[in-house]
Each structure stands twice: as C-alpha cells, then as structure tokens.
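Trainee: I am new to this structure and would like a close look at a single part of it. Could you take me through that part slowly?

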Amino acid sequence: MKTVNKFLAALILFSLLPSVAYASTLASQAEHDQFRIFAIGWVKKLNRSHLKGFHNMEIILQEDGSYMARYHAINPDSIKCIVKNTSSKTKGMVGMLKYIETIYQSKAATPQEARSKKFTPVKNIRITEIFSNTGKGWR
C-alpha cells in the first residue's frame, strides 16, 4: 500500500512540475501575504477535518492489554510559504506550502485514560503542497 501511495504522490508531483518549471520570479510581498493567509486557513481546515486528527483519534488495543491513543496534527508555526510568478501568458502564480505534521501518542490501561493522558510526539512528517493562482484565487 505504501508503494501505491508513493507512486500516486510522484505522479501528482510530476503532473505539477510544468507549472513549477515556469515559475520565474518571486511574487510581491502583497501576493506572498495573501498566500500566507490562504495557507493558514488551509492548515486550520486540515486540522479540523483530518481523518486521524484529534477529534477522530485512533484507539488501538496493544498486545499487553493496554490502549494506545494516536492522532495527527499540523503545527501552524511550522508553515513556510514560497510564492513565485510564472512566465506564462496568463500571469499566474505558483505557491508552495511546506509544513510539519506530527503524530502524537499516549498509552494507558483504558481507552478513556489513553484519550485524556498527556500525548507525546512520536513522529514528524514533512509535507509540501503546491497551489496555483491564475487570478481566481488559490487552488
């Protein structure tokens, strides 16, 4: 399954490379600020709707009879934005959003205790998303 996911991610990235290849100059500060506002809203939406987010955390019965609670979250402070103008005739922009998604876990004797116990970060995942704007907003 991981191989399929990696293949799909590579396929999506390669389909977006032509628009990134045409990125020529850095965008203005105002355009960068607009993308940053969009990016912060996007990350908030991701945190609210994540299938394995805090409100949908996994509770897993361990072999020793204890329970592990696990969820994913994106720290808004980890957001980095890069915006470039394209050299195409449509005068579009390309925005790259980079952030870190962290997996948190806790372990306890019951599912309720595992949910309410202090969570520990166990893994950081670096994510890069690419967006475009041709005058109709970031997509």
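Which residues of the largest nonpolar core touch the most other members?

Mentor: Before the answer, a word on the basis: this is a predicted model, in which local features need pLDDT (the predictor's confidence in each residue, from 0 to 100) of at least 70, side-chain atom pairs count only at pLDDT 80 or more, and totals for chains, interfaces and linings use all residues. Residues are numbered from 1 along each chain as its sequence is written, and side-chain values use heavy atoms, with hydrogens and water left out.

The residues you ask about are Phe35, Ile79 and Leu97, in a core of 13 residues. A nonpolar core here is a set of buried Ala, Val, Leu, Ile, Met, Phe, Trp, Tyr and Cys residues joined through side-chain atoms within 4.5 Å, where buried means under 20% relative accessible area and exposed means over 50%, with partly exposed in between, using a 1.4 Å probe and protein chains only. At least two residues of this core come from each of α2 (29–49), β4 (80–86) and β5 (93–108); such helices (H or I, at least four residues) and strands (E, at least two) are DSSP runs, numbered from the N terminus.

Leucine 97 shows how the parts meet: leaving aside residues up to four places away in sequence, its contacts (heavy atoms within 4.5 Å) include Phe35, Ala39, Trp42 and Val43, and also Ile79, Ile127 and Phe131. Apart from this core there is a second, separate one of 6 residues, with Tyr71, Ala108, Ala114 and Phe119 among them.

Turning to α2, its 21 residues reach 30 Å from the first C-alpha to the last, close to the 30 Å expected at 1.5 Å a residue, the expected span being 1.5 Å times one less than the number of residues. Phe35, Ala39 and Val43 are buried in α2, and, seen down the helix axis, the buried residues of α2 fall within an arc of 80° (taken from the directions from the axis to the C-beta atoms), so they line one face of the helix. The cover over these buried residues of α2 includes β3 (67–74), β4, β5 and β6 (120–133), whereas the face of α2 turned away from its buried side carries the exposed residues Gln34, Ile37 and Arg48.

As for confidence, the chain averages a pLDDT of 83, and 80% of the residues score at least 70, but pLDDT stays under 50 over residues 3–24.
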